[in-house]
Amino acid sequence: MKFLQFSFFALLLVISACNNPKELNIYSARHYDTDQDLYADFTAETGIKINLIEGGSDELIERIKSEGINSPADILVTVDAGRIWRAEENGILASVESEVLEERIPSALRHPDGLWFGISKRIRGMVVNPEKVEDPSTLTYEDLASEEWNGRVCIRSSNNIYNQSLVASLVETIGAEATEEWAKGLVENMARNPQGGDRDQIRAVAAGVCDVAVVNHYYFAMMLQGNDEDDKAIAESLQFVFPNQGENGRGAHVNISVVGVLENAPNRDAAVKFVEYMTNEKAQEYLTVGNNEYPINDNANINSTLESFGSYKSDAVNVSALGRNNPEAIRIMDRAGWQ
Ligand code: FE2
C-alpha cells in the first residue's frame, strides 16, 4: 500500500511537470520592434515561450474581461499609468509580491499593492525653438498659461491619454482649482486648435506655428535619430526641455510603460518571472538604448541621444494618482474648452 501511495505521488509529480507548459501569454498594447527582441531574449534565458497578442489597450482590457476565468492572458503590457488604471478598475489584475521588484522599482512607479509595475519612464516635457525662447531651462508647465505665451503653444487634443495624465499630475500637485485655471489659460494660449500627434507639434514649432510644444521625450529623440531626413533636420533645429527644474521646481511629469499580471493568469509563476526579467539591466537596455525610454533601474545604460538631453529632476507624484485623477482631469479639460 505504501509503495502504491508513493508511486501515486511520483506519478502526480511527473504529470504536474508535464503540465508545466513553459509558456507565457502576453497581451500587449506596445508595438515596438525592440519589444520583440526583448521577448526573444526572455525565451532564450528562461526557456519560456511567449505567445503575443497585440491590440489597443482598451480593446485588450475588454477582451480579457470577456474571456473571464478562461482567459489565456498572463500579462498585460501597456503605456501610461492612466491606461493601466482602467485595467485596475476592471478588476482584472492580480497582486504580486516580489522583493526583486520592490528593490528595483521606485515606489512612486508601481502600484502600492503590486497590481502593476512601471518598467520604463517617459517624460512629458517641451520642445522649443531656442531662437524664440529666451531661457528655456526655466520653463514650467504653469508658464504655458501665462500671458507671455499667448498664441505660442502647440499641444495635442484632450482625448489623448498623455495629456490627461499630465493634467492629472497637476491636479495632484497644485490642486483641481488651480489646474482648471491653468487649463483655461493654456487653451487661450494655443497657437491653433489641437491636431495631430506629438511629432506634429514638434514640426509645428519648426514651421513657426508656435514656439513651444508639449511632447513626450522619446518622440523628439526618435526624430533626432532620423529615419526621416526632414524630421531629423527639424529636431536638430529645436531643443528638448525638462520643465519645472529650477531649485524649487517640483520636477518634470513622469509617466511609465507598465506591466501587470492578470487575475486569471494560467501561468502565474512564469508571469512574475517575466515582470522581474523586465527590470533587469539587460532588459532595461532594450527599452532605453533601443527605444529611447528612461530606465526605472538606475543601473541600466541610456543611449547617446538621451545622454544629450542631460539629467533632470522628476516630480514626486506617485503615478497611481494619474489614474485616480483621470476622470477629474477629463472634466477639467472639457470645462476649459480643450478640444
Ligand atoms: Fe507614445
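In the predicted model, Y219 is found in helix α9. With a relative accessible area of 14%, Y219 falls under the 20% limit and is therefore classed as buried. Y218, the preceding residue in the numbering, is buried as well. Once neighbours within four places in sequence are left aside, the residues in contact with Y219 are Y162, D198, R199 and I202. A further spatial relation links Y219 to D200: the two residues are 19 residues apart along the chain, and their C-alpha atoms are separated by 10.0 Å.

Y219 also takes part in the coordination of the iron ion. The protein donors are the OH atoms of Y162, Y218 and Y219, which lie 2.0 to 2.1 Å from the metal. Along the sequence, these donor residues follow the spacing Y-x55-Y-Y. Y162, one of the donors, is in addition a contact partner of Y219. Y162 falls within the range of helix α6 (161-174).

The surroundings of Y219 include the packing of two helices. Two packed helices are described by the angle between their axes and the distance between the axes. Helix α8 (residues 198-206) packs against helix α9 (residues 217-225) at an angle of about 65°, and the axes are 9 Å apart. The crossing of these helices is right-handed. On the α8 side, the contact is formed by D198, R199, I202 and R203, which meet Y219, F220, M222 and M223 of α9. By residue class, this contact comprises five nonpolar and three charged residues, with no polar ones. Iron donor Y219 is thus, by the 4.5 Å contact criterion, also part of the α8 and α9 contact.

R203 of α8 additionally connects to helix α10. D231 lies in α10 (residues 229-236), and the side chains of D231 and R203 form a polar contact at 2.8 Å. When neighbours within four places in sequence are excluded, D231 is in contact with R203 and M223. Both of these partners, R203 in α8 and M223 in α9, also belong to the contact between those two helices. The relative accessible area of D231 is 9%, so D231 counts as buried. A charged residue at a buried position is thus paired, through its side chain, with the side chain of R203.

A second buried charged residue is R152, located in the loop between β4 (117-128) and β5 (153-154). Its relative accessibility is 18%, and R152 is therefore assigned to the buried class, for which the limit is 20%. Several polar contacts involve the R152 side chain. A polar contact of 2.7 Å joins the side chain of R152 to that of D211. The backbone oxygen of E148 is reached at 2.9 Å, and the backbone oxygen of K132 lies 3.0 Å from a polar atom of the R152 side chain. Not counting residues up to four places away in sequence, R152 touches K132, V133, N189, A191, C210, D211 and V212. R152 and E188, 36 residues apart in sequence, have a C-alpha to C-alpha separation of 9.9 Å.

Backbone conformation was examined at three further positions. Most residues other than glycine have a negative phi. D80, in the loop between β3 and α4, has a positive phi near 85°. At 0% relative accessible area, D80 is buried. A side-chain oxygen of D80 comes to within 2.7 Å of the backbone nitrogen of G82 at the start of α4. N244 likewise has a positive phi, near 55°, although not a glycine. N244 is found in the loop between β7 (239-241) and β8, and its relative accessible area of 5% places N244 among the buried residues. Just after α4, the glycine G91 takes a positive phi of about 70°.

Helix α4 (residues 81-89), which follows D80, includes the buried residues A81, G82, I84, W85 and A87. G82 thus appears both as a buried residue of this helix and as the partner of the D80 side chain at its start. The elements that cover the buried residues of α4 include helices α3 (57-67), α6 (161-174), α14 (320-324) and α15 (326-335), together with strands β3 (75-79) and β8 (253-261).

Note on methods:
Residues are numbered from 1 along each chain as its sequence is written. This is a predicted model: local features need pLDDT of at least 70, side-chain atom pairs count only at pLDDT 80 or more; totals for chains, interfaces and linings use all residues. Side-chain values use heavy atoms; hydrogens and water are left out. Buried means under 20% relative accessible area, exposed over 50%, partly exposed in between (1.4 Å probe, protein chains only). Helices (H or I, at least four residues) and strands (E, at least two) are DSSP runs, numbered from the N terminus. A polar contact is a pair of N or O atoms within 3.5 Å; within protein, one must be able to donate a hydrogen and the other to accept it, and residues adjacent in sequence count only if both atoms are side-chain atoms. Donors are N, O and S atoms within 2.8 Å of the metal (3.2 Å for Na, K and Ca); water is not among the atoms, so sites may look incomplete. Axes are lines fitted to C-alpha atoms, for helices over the stretch in contact, and angles run from 0 to 180 degrees between N-to-C directions. A crossing is left-handed if the near helix is turned anticlockwise from the far one by less than a right angle, and right-handed if clockwise.
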